[in-house]
Amino acid sequence: MNDSNRATELYQVEELLKTKLYLPESTPSHLTRSRLNQLLERTLSARLTTVVAPPGFGKSTLVSSWIRQAGLKNGWVSLDSKENDPLRFWRYLRGSVEQALHIKLTGESGLGGFESAQRLSAQLLHALIESSQQEEPLMLVLDDYHMIATDTIHDSLYDWLGKLPSSVHLILISRHEIPIPLGALRANGRLNELSLSDLRFTDSEIDSYWYKQTGASPDSKTLRHLVHYTEGWAAMLQLSALSYSVGQISGVIKPLTGRNRHVADYLMEEVFHHISEETKRFMLKTSILDRLCPSLCSAVINEPDAGDSIQELVRRGLFLIPLDDEREWYRYHHLFADFLRVKLRNEEQAGMALLHSRAAEWYKSHGYLEEAIEHALSAGDERRAAAWMQQHAHIWLKVRETVLLRRWLDQLSVPTLNETGNLLLLLWIDLMEGHTDRAEVLLRKLNTALAGMKADPQASGFFRMREEVRIIENFHSVLSGNFDHALALIQEYGGREDLPDPETPLLLSLGLELNEGTVPFIRGNFGFNGRIEYAESYHRAYGEFIEKNGLHESAYTSYQQIAMGEVCYLRNHLPLARSYAEEGIRLGRKFGTIGSYVPSIILLSHILIAERRSLEALDVMEEAMSHLRSHHQHTSAWYSKLVASTVICQLQLGNSIPAREWVDEHERKAAERTSSQDDLFPNDEDFIYIQILMGVGEWEEACQSAIDALSIAQLRGNGLSELQGLLLLSEIHANRNDSIESRRLLLSAIRVGCQHGNIRSFLDIGPAVMERLGKYKAASSHSSLWSEKELSFIQLLGHHSENIVTGNSQVLSNPVQSNIDVLTARETEVFILMAQGLSNKAIAAELFLTEGTVKLHLHRVYSKLQAQGRVQAIRIAENSGLLGKL
């Protein structure tokens, strides 16, 4: 499936979900009750309002009617069980806020970036705080909140609620008690509660309602019966009025016994009995649908005139609720839908599977994948549901809606679940959720199943599944931090001669986001937790695999490019780092992999700054920010990383105003973090925060933040973050005239930097650190303070530092020779043919490559040889004796 088709799928799904964001309209039978409106007015002075009562008491109608009558700005979400996925829950809430504020808050998923529930909630909070400056009250309503049974959602919503600005008011509508702590809100007068006792119709309201529906006031005896038997239940009153209108009640309600729900069932049966058989059939068959539209209903009942039936139900007021202004989508009242579904099961259970199957086909053909899968499962057609899940899994994996996928998979029978395609999805879900131990068990199971497929000559899809398993096995090793196994796997993969066709639709090739949110990219899992030497070995092997198989034009290649670019930068091989960064930018833009695009932009800006071209660095970052804005990514976490990088660059150029403003914003965001968000911290923005504090002279705050960052980095064994923390703290103590502590920290930094071969982190701190290091080395050169390896590393740092002073970005005496070793086998082949005088076209024909691929190889060769073009590259190679060696 191509990118445009996948975009269409997502667009159509979002279009259907908009029906869940629609503020319900009042039905013709609705009675405005000023008593309850007065209670709802208290919402404007409360932080939270809860409306809790059993079904059929008019909760949703009451709240929506009050909002409409008062003309209040609002965002509405009608929840269902699928919103137990925290990410999905906050996406719906984001949609309601966007609709209410007429803004676009699209997250990273649009460009393939990583999105989390925590980031979404923080993004929404920020948008609401900004909008609160207008001081216009905003009602955010979560209807059917009883559908949410996930504790993490309750906890995060409660935490979020406490940070809302005073102009934003949250309303929760539920059949059950709200499972979040309400005591403090109640004690502080910030909670407005409407319960069953409030929602019951009073005697006078029953009288008014009866008159409105029947055109006649009930006599005293009828009123007493209505009061007694309905107990103020809105649904019972509506059913009684409908029953009266079809001649089943003559003045006095018949004595009824039993629980209210049984009474309601009786009355609904009476109403149902007096409608036409055609309408009955329509209502029963379409009751399987959560939402109705004419085309869908026609497909389900296999009749052409469903639109007429819908309009007839609307005209007669038979519990049909509109879900959009165009009157295209409707739903049955929940209570009546339950009644119809029970009746359908009792009378036509054998035909229900066919109805669900037709619904599944309609949804699938219209691109509504989630509903298609739900109905296929309800039809008992689990194989079709599983096939659709596997075919379109990239949609949910790309935006990490793993809870939804897992819920579907849990509904499969054990034999179906143990099929390779479904095991593969479970394995990706476990890896994305961080369950590497559980994933290991699944991986063994998957390999066993794969062996069975290989032994069965009739098994289809073996070769594609074999590649899927090998890929995910590698990623499992990376995410588990098992460097030796990950390296062995990628080397084994690179040595194979039987790889599948590049067009094979593997999950990874469909654009799954690999970056968990780190800058630099190698700070995270794919850099083995900031271990530069591991990152270099792994991604160099990965690059050889890419070169061998001509996979330069693929989404995942962009991550290998940024990883190698960051390694080269930290080794202070700037021209080579720039080559990788530029390719990472190109591929990131082409494939929409924002997790490689933004780190590549930031890397290129660091290179330009290192070359004393800070203004150019600002231009690069501002152009990238413009690109993200054009893709509605200006509120994403990735955009924030670019903003932070521009701010520190501006500070270094002497402009401190943006830096001070950014610090305030960063501190606000830091206060919103939860413990579950600490996995990626300290991150690049935390270190920029420390540098800005240092730059504006707030040394005490900088010191404490650096201590915190260093502590977390050491706790998690992150070499890159540890070195940054040590160097910043050393600089801070030097500025506080604490030379002993500054020296201790710098010596520790040398040991960490030497271990990982990280040169650039020392140079980026500034010349003062190298001056102090020279003094320490001179004072202790004859002691046992330094190992031989550390002394060599210090000497290497000195050479690099001296060349910065002279303006030479390369410090090695023979820079060509230093880069000869990093020419790949394919680059060497291309270079030899070029030196023999072959054109790009001839080289491409000789090596069975495209001209574009040849140009890409030559670009890298020029960069590694520090040549401006073909002639200079050949001359450099001749002078250095390289051609003779080749």
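Let me start with two helices: helix 19 passes helix 21 in a left-handed crossing. Please keep in mind throughout that what we are looking at is a predicted model.

To describe how two packed helices sit together, one gives the angle between their axes and the distance between the axes. For this pair, helix 19 covers residues 402-410 and helix 21 covers residues 420-432, and their axes come within 10 Å and cross at roughly 145°. If you want to find the contact on the screen, look on helix 19 for T402, L405, R406 and L409, and on helix 21 for N422, L425, L426, I429, D430 and M432. Sorted by class, this contact between helix 19 and helix 21 has six nonpolar residues, two polar ones and two charged ones.

Now I would like to move to the strands, beginning with strand 3, which spans residues 138-143. Is strand 3 enclosed by the rest of the structure or exposed? Six of its six residues are buried, so strand 3 is largely enclosed by the rest of the structure. In a regular strand the side chains alternate between the two faces of the sheet. In strand 3 you can follow both faces, since L138, L140 and L142 lie on one side while M139, V141 and D143 lie on the other, and all of them are buried.

Which strands pair with strand 3? Strand 2, residues 73-78, pairs with strand 3 in the parallel sense over six bridges, and within that pairing V77 stands opposite L142 of strand 3. Strand 4, residues 168-174, also runs parallel to strand 3, and five bridges join the two. Among the partners here, V141 is matched with I171 of strand 4, and L140 has L170 of strand 4 as its bridge partner. To get from strand 3 to strand 4, the chain passes through helix 6, residues 151-161, and this β-α-β crossover is right-handed.

Strand 4 itself deserves a careful look, because seven of its seven residues are buried, so that it, too, is largely enclosed by the rest of the structure. From strand 4, the residues V168, L170, L172 and S174 point one way, whereas H169, I171 and I173 point the other way, and all are buried. Strand 4 also pairs with strand 1, residues 48-52, in the parallel sense over five bridges, and there the bridge partner of T50 is L172 of strand 4.

Technical notes:
Residues are numbered from 1 along each chain as its sequence is written. This is a predicted model: local features need pLDDT of at least 70, side-chain atom pairs count only at pLDDT 80 or more; totals for chains, interfaces and linings use all residues. Side-chain values use heavy atoms; hydrogens and water are left out. Axes are lines fitted to C-alpha atoms, for helices over the stretch in contact, and angles run from 0 to 180 degrees between N-to-C directions. Helices (H or I, at least four residues) and strands (E, at least two) are DSSP runs, numbered from the N terminus. A crossing is left-handed if the near helix is turned anticlockwise from the far one by less than a right angle, and right-handed if clockwise. Contact means heavy atoms within 4.5 Å. Ala, Val, Leu, Ile, Met, Phe, Trp, Tyr, Cys and Pro count as nonpolar, Asp, Glu, Lys and Arg as charged, and the others, Gly among them, as polar. Buried means under 20% relative accessible area, exposed over 50%, partly exposed in between (1.4 Å probe, protein chains only). Two strands pair if DSSP finds at least two bridges between them. A crossover is right-handed if, with the strands pointing away from the viewer, the path from the first strand over the helix to the second runs clockwise.
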